[in-house]
Amino acid sequence: MTMPNNSISILDLPDELFCMLRNQMTMVDVLGSLVNINRRFDRLALDPLYIDHVDLTMHRTTPDHSSHDNDRLLERICSNILPRINAKVTKFTLTPLSVQHFLNECDYPNLQCLSFVHFDAETLARCLTGTTSLKQKKKKIKFIIINKTLKRLCTNKIKHKKQENNVKK
């Protein structure tokens, strides 16, 4: 007598349970591992209510997962997935690693908010005042969220940078 096969696959899960699991994962993990598997996963992973805020923060690098792997994963997400959802995104949460990928990719016509996390003051000031495509994106953005302790430091750096630019002109 053979034993019945009681194994269950993730493909067998109801949508509600899949969404509960999805909500326990980082967005980078969801976009990097569940998109382009099949139509159902695409529909659930790219749900407009889920992707309106794209959070590109990642767990810290572990010995099993190098920063090079993280960089490749972000590159794949930004070049292959974000162009598919760009019109649905209203907010981005960016880190120093993800900001460069974000800047190099498509336009986000409905983007209203940028949130910066894990930035040091100098890097953030360079992002906000540099001659990057962020200047173009900033014109449409209504809110920029910065860690409170960095906000004071960055405000001073941005003012100083603007004064330097005015002196050069």
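User: Which residue in strand 3 does T93 stand opposite?
Analyst: This is a predicted model. Strand 2 covers residues 91-94, and T93 falls in that range. Strand 2 and strand 3 run parallel and are joined by four bridges. In strand 3, T93 stands opposite S115.

User: Which residue in strand 4 does S115 stand opposite?
Analyst: Strand 3 is also joined to strand 4, residues 143-146. Four bridges link the two, and they run parallel. Opposite S115 in strand 4 stands I145.

User: What is the bridge partner of L114 in strand 4?
Analyst: L114 belongs to strand 3, residues 113-116. Strand 3 and strand 4 are parallel. The partner of L114 there is I144.

User: Which residues of strand 3 point the other way from C113 and S115, and are they buried or exposed?
Analyst: C113 and S115 point one way from the strand. The other direction is taken by two residues, and all four are buried. Buried here means under 20% relative accessible area. The two are L114 and F116, both buried.

User: In what order do the four strands form the sheet?
Analyst: The sheet is open, and its pairing is parallel. Its edge strands are strand 1 (53-55) and strand 4, each pairing on one side only. Neighbouring strands are turned by 10° against each other on average, direction ignored. The order is 1-2-3-4.

User: How many helices does the protein have?
Analyst: Along the sequence the pattern reads α-α-α-α-β-α-β-α-β-α-α-β-α. The β entries are the strands, and the protein has four of them. The helices come to nine.

User: Does I10 count as buried, partly exposed or exposed, and why?
Analyst: I10 is found in the segment before helix 1 (15-23). Its relative accessibility is 38%. Buried means under 20% and exposed means over 50%. Because 38% lies in between, I10 counts as partly exposed.

User: Which residues make the nonpolar surface patch of about 450 Å²?
Analyst: The protein exposes about 10,800 Å². Carbon and sulfur atoms supply 54% of that area. I10, already met above as partly exposed, is one of the patch residues. The full set is I10, L11, L17, M20 and L21.

User: Of the contacts between residues at least 6 apart in sequence, what share joins residues at least 24 apart?
Analyst: The protein has 169 residues, and buried ones make up 38% of them. Contact here means heavy atoms within 4.5 Å. For residues at least 24 apart, the share is 61%.

Conventions: Residues numbered from 1 in each chain as written. Predicted model: local features only at pLDDT ≥ 70, side-chain atom pairs only at ≥ 80, totals over all residues. Heavy atoms only, no water. Buried < 20%, exposed > 50% of the residue type's maximum accessible area, 1.4 Å probe, protein only. Pairing = 2+ DSSP bridges. Areas by Shrake-Rupley, 256 points an atom, 1.4 Å probe, with all protein chains shown as cover. Patch = residues over 30% accessible without salt bridge, like charges linked within 9 Å, V, L, I, M, F, W, Y side chains within 5 Å. Salt bridge = Lys/Arg side-chain N within 4 Å of Asp/Glu carboxyl O. Axes fitted to C-alpha atoms, helices over the stretch in contact; angles between N-to-C directions.
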